[in-house]
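Please open the model in your viewer and keep the sequence panel beside it. The stops below are meant to be followed in order, with a selection to make at each one.

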Amino acid sequence: MFEPSMKSQRTKCFTGCWTCRSRRVKCGEETPFCQRCRQIGVACEGYGLRLSWVQYDPHDTSDYEHDHGHRNTSRRPEPRVSRRSLTSLGSFLPLLGLASPELDATLTKIDEWCPGESSEFEKGAFCVFSVHPSASLHPESDRGPPQPSPRLFGITVPTDSPNDHYTFSVTETTNQERDSTIDAAVQSFNDFRGDSVPAAQTLLSLGRQERHAPPRHLDALSMPSKQKRLIYHWITFTSRKLVLIDEPHNPCRTMMLPMALKGLVSQSKSSNADVAIFHALCASAAYNMFELTGRTNEQDRVLALYHDNEAVHHLRHNLARADEHRDQSFAMAIMACIAVEAISGTTQRWRTHVSGGLAYLAKLQSQGLDETALSAFRQHMVKMAILCGFSVPAHLKAFLDDESGSSDGLEFTFPYYGVSRSFLRAHDHINVLLTSVSAARTPEMEKTLDAFELQLYLDFPGLPPHDLFSDKTHSIVIHHTSKAFYYAGLVFFQRSVRCAPVAEVQDLVELGIQELESIDRAGHGALGCLMLWPVLVLGAECDEPDVQKRMRAWFQAQRRLGFRNLVVLEDLVATVWRARANPSVDARDTDWRQVIAQPQFDVFRL
């Protein structure tokens, strides 16, 4: 007699991506998209949580009886109670009811949501995702400020002539390599931070009386512990090493931190300069930690790129509304983003920040802003621009010619220790000479250059006032720093304006390097980063092997700071040395000013 074979009962699998589960095939469960879906060319729907909605009936006990092994067969089965019913918890306010079509549409959006691609959810009775994710993670979002984009912001800066004025306008700066890096970092950050917030956090936020309050940028942070770690590092290390001498009034803490807090608790739909400062601080700390750990911690790199992109993104948006700014937050945001460029060693983009800061400064001055609020920002931007070789409009640098005494003592002020008013005035004049003096010089021109050079030699730095610093070490450090700038300035004039052979400046170079070494000895290894302009000039003009060895040792000692621009400048100096040692190399390739113009070396040098 024929007996049908017994079929083995198939067990239902509760893992795998939603695409494989709907197709009833085995899923390899690779992340972020499974291999089976990639092989057959279908969209992998991922592994996220899907919610279903059932009508809640408080009188239904079938779910309880089912869980405890009791089964009532005397009456018709009723719909089971939802295990996720919030009302059954007894401690939350009832949710507002939604019509079925609206609810179905909301659930459909949740089911189809894909991290990094779909638009954000701002409505609905519940959501397991961050209600207001960061703007840069959703490039197609139609939300107002700011318009997300991984591109960098720019200021139109004419480069044909150094005398041209900066144009204060927003432009797009394209860089395919950096865009792809940021896109990959954003995707990695999405995978790294997770798709959902903790259930307890979601439930508690629904049960609060103030649940209708506008969400803040703080609420959009899925894992604030990571930002807490970055800010802690900024407070305890990065902000203290950004400048040569860390003083109690260091604006990196006294001004930037309160502004960052103000931005963090502002509404998430708004974009302001304070938010840019918060992201810039996080990016600076993350880049610094990445460098200190030998560039091996991928988590720090991803965080750095993410916050770097966010900082530039918010800065760009607020640049378009520059007329609305009346406080110091936007100026500090520019400074914070420049700090990011220095620590990360990013090339060329720092020029956009410096030129944008000059343009913003000119706009503020034309609006008649209060002098007390404008003075510090103006001095900071003008010093930075002159040392970086920018052409500064005369009305912005007029304070350098002020003989009333109000601008004296600049070499003792944060953060440009050692940079006096007379040095800035002379260096600005050298910049002008480099663009105006021709190769064929007349006797009258030579006489003028001789008179100017004589003044440079006589302008030797004096000792700081005895009552200026309570710590004598600070006075000693600043005096050595002033002399390092003095010798570097003489070398720069001889090599750039006079076109003297490198052998003729070796005595000045060695004296300057002695000052750099004296600064480290006086500080006992506890100082921060020196302004790198004299380091660049003195290091690039080293020609004696023993002096070059001392310069290498100085660079190696500075690696304890974790600033990438130091590493790039060390590579630049070594490149100049190798080129100079090769007789077949063109003389122009031995000039550090030509080498630093190359994209791989054009870092912020202060």
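Is S271 buried or exposed? Because its relative accessibility is 6%, S271 counts as buried, and you will find it in the loop between α9 (256-264) and α10 (273-292). Bear in mind throughout that this is a predicted model. With S271 still selected, display the side chains of H314 and N318: a polar contact of 2.8 Å links the side chain of S271 to that of H314, and another, of 3.4 Å, links it to that of N318.

**The whole chain**

Zoom out before going further, and colour by secondary structure: the chain has 22 helices and two strands. Of its 606 residues, 48% are buried. If you consider contacts between residues at least 6 apart in sequence, 68% of them join residues at least 24 apart.

**Residues 16-44**

Select residues 16-44 next, where UniProt, in an unreviewed entry, places the feature "domain: Zn(2)-C6 fungal-type". In the model this stretch is 41% helix and 0% strand, and its end C-alpha atoms lie 10 Å apart. Within the selection, pick R24, which sits in the loop between α1 (18-23) and α2 (35-40). Most residues other than glycine have a negative phi. R24, however, has a positive phi of about 60° although it is not a glycine, and with a relative accessible area of 72% R24 is exposed.

**From P215 to α7 and α11**

Move on to P215, in the loop between α6 (199-207) and α7 (224-241). P215 counts as partly exposed, because its relative accessibility is 26%. Add V265 to the selection and draw the distance between the two C-alpha atoms: P215 and V265 are 50 residues apart along the chain, and the separation is 8.8 Å.

Now show α7 together with helix α11 (residues 298-319), whose axes come within 12 Å and cross at roughly 90°. At that angle, α7 is therefore roughly perpendicular to α11. To display the contact itself, select K226, Q227, R229 and L230 on α7, and Q299, D300, L303 and H307 on α11. Coloured by residue class, the contact of α7 with α11 divides into two nonpolar, three polar and three charged residues.

Stay on α11 and select A311, which lies in that helix. What is the relative accessibility of A311? The value is 1%, so A311 counts as buried. Leaving aside neighbours within four places in sequence, the residues in contact with A311 are A276, H279, A280 and C337. One of these partners, C337, is 26 residues from A311 in sequence, and their C-alpha atoms are 7.1 Å apart in space.

**H524 and α19**

For the last stop, go to H524, in the loop between α18 (506-523) and α19. Here too is a positive phi in a residue other than glycine, with the angle of H524 near 55°. Is H524 buried or exposed? Its relative accessibility is 71%, so H524 counts as exposed.

Continue to helix α19 itself (residues 533-540), which is mostly covered, with eight of its eight residues buried. To check them one by one in the viewer, select W533, P534, V535, L536, V537, L538, G539 and A540, which are the buried residues in α19.

Notes: Residues numbered from 1 in each chain as written. Predicted model: local features only at pLDDT ≥ 70, side-chain atom pairs only at ≥ 80, totals over all residues. Heavy atoms only, no water. Buried < 20%, exposed > 50% of the residue type's maximum accessible area, 1.4 Å probe, protein only. Helix = DSSP H or I, 4+ residues; strand = E, 2+ residues; numbered from the N terminus. Polar contact = N/O pair within 3.5 Å; in protein donor to acceptor, adjacent residues only side chain to side chain. UniProt positions renumbered as here; feature names shortened; annotations may be inferred. Axes fitted to C-alpha atoms, helices over the stretch in contact; angles between N-to-C directions. Parallel < 35°, antiparallel > 145°, perpendicular 65-115°, else oblique. Contact = heavy atoms within 4.5 Å. Nonpolar A, V, L, I, M, F, W, Y, C, P; charged D, E, K, R; others polar.
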